Amino acid sequence: MPNSTPDIPVPDLAGKLAVVTGASDGVGLGLAARLAAAGAEVVMPVRNPRKGEAAIAKIRRPQPGAQLSLRDLDLSALDSVAGLADELIAEGRPIHILVNNAGVMTPPHRQTTKDGFELQFGTNHLGHFALVARLLPLLRAGRARVVSQISIAADQHGINWDDLQWERKYHGNRAYSQSKIAFGLFGLELDRRSRDGGWGITSALSHPGVTPTNLLAARPEVGRARDTTLVRFIRALSARGILVGTVDSALLPALYAATSPAAEGGRLYGPSGFRHLSGPPAEQKLYFRLRSDADARRIWQISEELTGLAVPAA
């Protein structure tokens, strides 16, 4: 029999504006539903409008009054990021919660974004970096909690500083780890810069453990025609409540980091079970690869150069 799914209380979020990337399925969809259930108005930027509409319909079936809106966003295209940011800036509403959740994982062959970056580095890290940089005035106005969803893969491999775009030799798993390490370093540096500059933003990291989402499923757009053997195995374990989590449990670390009064900036939250694969959310020790302030400053500077976005210090 599957284990019962853990849960956490969520405070009243009435009057709060939340933005969740990757909210059309999986963990992002679950996060959007939980934030809406607590009273937040949730903006759901999606790449596929049809999937986005289906996600909204799914949330509203048990929550007819949920405040939800779709926006266009392709994190693999910096002009799309700019378009969403311009739209939200024009509306002028402070953002109180931003969950950077969307991502791609291990395309079998090297691919690039519209702007020429390796797909995982460009989407998982640079796209979100650009989004935060452009939304900074609204995040500061809302004294926002920013949660960046990394992965247990950030505890593996490292940053390929001499070939960030994997042009010489592509390794899908190593490139994925790099994207999540860079993303984690960015989230920690965002919290440091906020504290130093008085921005009022709290930035934390989360990871979902292991759960059967669509990251490893068939994704023709990233060159994967069928589900991987690994995702089929994870689905079987999840259905039996063995070792790995479910989508409902996997969303809890990010939900905790985004809403709990006890959550703090500069911390990593993940499942507390065996090897952090599943279980209730809790703070965990920062991965070794995320502990260098110098690496965090370096990746921030590189990200500014690659995206053409200079973030003011104050």
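Which residue lies over the face of W161? In this predicted model, that residue is R298, placed at 4.0 Å from the ring centre of W161. Beyond this contact, the structure holds five aromatic pairs. Among them is the pair of F129 and F186, which is edge-to-face, and a second example is the pair of Y256 and Y269, which is tilted.

**The pair F129 and F186**

- The ring centres of F129 and F186 are 5.6 Å apart, with 70 degrees between the planes.
- This pair links distant parts of the chain, since F129 belongs to helix α4 (residues 119–141) and F186 to helix α5 (residues 172–197), 57 residues apart.
- F129 has a relative accessibility of 1% and therefore counts as buried.
- F186 likewise counts as buried, because its relative accessibility is 1%.

**The pair Y256 and Y269**

- The centres of the Y256 and Y269 rings lie 5.3 Å apart and their planes meet at 55 degrees, so the pair is classed as tilted.
- Y256 is located in helix α8 (residues 252–259) and Y269 in strand β7 (residues 268–271), so the pair ties together parts that are 13 residues apart in sequence.
- Y269 is buried, because its relative accessible area of 2% falls under the 20% cut-off.

**Aromatic cluster**

- F129 and F186 also belong to one aromatic cluster, together with F183 and W300.

Definitions and conventions:
Residues numbered from 1 in each chain as written. Predicted model: local features only at pLDDT ≥ 70, side-chain atom pairs only at ≥ 80, totals over all residues. Heavy atoms only, no water. Phe/Tyr/Trp six-rings, centres within 6.5 Å; stacked < 30°, edge-to-face > 60°. Helix = DSSP H or I, 4+ residues; strand = E, 2+ residues; numbered from the N terminus. Buried < 20%, exposed > 50% of the residue type's maximum accessible area, 1.4 Å probe, protein only. Lys NZ or Arg CZ within 6 Å of the ring centre and 35° of its normal.
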